[in-house]
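Trainee: I have a chain to go through with you. Can we take it question by question?

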Amino acid sequence: MSEPSSPAVAPPQPKAEAAPAKRARNSIKTKAAILVAGRAEFAERGFEGARVDAIAALAGANKRLLYHYFGNKEDLYRAVLLDAYQEIRRGERALSLDQYGPVDAMDRLVRFTFRHFLANPWFPRLLGTENIENARFLKTLPDIQALHSPLVGQIRTIVERGAEIGIFRRDVDPVQLYISIAALGFFYVSNMATLSVIFARDLSGIDMVQEREAQAVQMVLDYLRTKPA
């Protein structure tokens with residue numbers, strides 16, 4: 001008499017949620033790659049010269065997918081611009097400057113700003129493009145002022161803390177101060193090639209960069225320590 005056959009064992013079924021989770025991860029990765037590619041293309045060729053085909057190719061993304069995520073070329077440019085500002089603001093928040101004394105906090109802010117421009121030369125070029133456009137795209141970003149308000153408040157707090165202990169002057173406009181801080185790094189990076197030729201010095205050399213960074217910090221601190229006339 002033959003043995004009764006064992007019932008067939010059904011193979012394990014894949015989890016239903018695995019595919020959506022993977023698609024979500026791929027979506028985030030693809031969007032990030034498109035933004036990075038957009039930075040490079042817009043910074044290099046400006047808004048008018050930039051090509052969506054080139055951005056899609058650089059990102060390794062399907063052109064139709066690019067349009068699906070970002071709409072059109074104008075909306076993609078706006079997304080790239082907003083992402084660029086969000087990145088530097090995130091970096092500033094990560095400094096946690098409230099835990100440092102006024103001098104150390106300002107030192108760290110100046111160095112971070114200088115190094116951000118230096119490490120991301122596309123950023124000054126992108127801002128140059130938007131200034132050529134007379135900030136017409138930036139004006140359409142509804143949250144851009146709110147994004148910068150915490151930075152202004154942070155600088156105001158640092159100056160006030162320094163003034164309370166008698167080491168910083170009180171008559172400091174935090175907006176004007178930040179413009180000066182940004183200019184010390186922005187001009188150096190955006191004009192590095194021409195200035196290197198004019199003065200016959202390699203401004204990209206580590207010694208020159210370190211000297212410039214130290215001078216930027218000293219200039220800002222000297223201004224804050226100077227008593228108003």
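Trainee: Let us start with Phe-186. Is Phe-186 buried, partly exposed or exposed?
Mentor: Keep in mind that this is a predicted model. Buried needs under 20% relative accessible area, and exposed needs over 50%. Phe-186 has 24% relative accessibility, so Phe-186 counts as partly exposed.

Trainee: And Phe-117, buried or exposed?
Mentor: Apply the cut-off for buried, under 20%. Phe-117 has 3% relative accessibility, so Phe-117 counts as buried.

Trainee: Why do the rings of Phe-117 and Phe-186 count as edge-to-face?
Mentor: Their centres lie 5.6 Å apart. Planes over 60 degrees apart count as edge-to-face. The planes of Phe-117 and Phe-186 stand at 85°, so the pair is edge-to-face.

Trainee: Which parts of the chain does that pair tie together?
Mentor: The two rings are 69 residues apart in sequence. Phe-186 sits in helix H8, residues 174-190. Phe-117 sits in helix H5, so the pair ties together H5 and H8.

Trainee: Which residues form a cluster through ring pairs?
Mentor: The whole structure holds ten aromatic pairs. Phe-117 and Phe-186 belong to a cluster linked by ring pairs. Its members are Tyr-85, Phe-117, Trp-122, Phe-123 and Phe-186.

Trainee: Tyr-77 and Phe-137 also pair. At what angle are their planes?
Mentor: Tyr-77 is in helix H4, and Phe-137 is in the loop between H6 and H7, 60 residues apart. Both are buried. Their ring centres lie 4.8 Å apart. The pair is edge-to-face because the planes are at 65°.

Trainee: What span does H4 reach from its first C-alpha to its last?
Mentor: H4 covers residues 73-94, which is 22 residues. At 1.5 Å a residue, 32 Å is expected. The model comes close to that, with 31 Å.

Trainee: Which residue has a side-chain oxygen at the start of H4?
Mentor: Look at the backbone nitrogen of Glu-74. A side-chain oxygen reaches to within 3.2 Å of that nitrogen. It belongs to Asn-72.

Trainee: Which residue takes a positive phi just after H4?
Mentor: Look in the loop between H4 and helix H5 (102-119). The residue is not a glycine, yet its phi is about 50°. At 37% relative accessibility, it counts as partly exposed. It is Ser-96.

Trainee: Asn-134 has a positive phi too. Is Asn-134 buried or exposed?
Mentor: Asn-134 lies in the loop between helix H6 (122-132) and helix H7 (144-164). Its phi is about 60°, although it is not a glycine. At 54% relative accessibility, Asn-134 counts as exposed.

Trainee: Which helix gives the largest share of the largest nonpolar core?
Mentor: That core has 55 residues, and Phe-42, Leu-81, Met-106 and Leu-177 touch the most other members. The largest share is seven residues, and they come from H4.

Trainee: How many residues make up the other core?
Mentor: That core lies apart from the largest one. Its members include Phe-114, Tyr-188, Met-192 and Val-209. The count is six residues.

Trainee: Which residues of H4 is Phe-42 in contact with?
Mentor: Leave aside its neighbours within four places in sequence. The contacts of Phe-42 include Phe-47, Ala-50, Ile-55, Leu-126 and Thr-129. H4 covers residues 73-94. From that range, Phe-42 touches Lys-73, Leu-76, Tyr-77 and Val-80.

Trainee: Last one. How many helices does the chain have?
Mentor: There are zero strands. Every element in the run from the N terminus is α. The chain has ten helices.

Conventions
Residues numbered from 1 in each chain as written. Predicted model: local features only at pLDDT ≥ 70, side-chain atom pairs only at ≥ 80, totals over all residues. Heavy atoms only, no water. Helix = DSSP H or I, 4+ residues; strand = E, 2+ residues; numbered from the N terminus. Expected span 1.5 Å × (residues − 1). Polar contact = N/O pair within 3.5 Å; in protein donor to acceptor, adjacent residues only side chain to side chain. Core = buried A, V, L, I, M, F, W, Y, C linked by side-chain atoms within 4.5 Å. Buried < 20%, exposed > 50% of the residue type's maximum accessible area, 1.4 Å probe, protein only. Contact = heavy atoms within 4.5 Å. Phe/Tyr/Trp six-rings, centres within 6.5 Å; stacked < 30°, edge-to-face > 60°.
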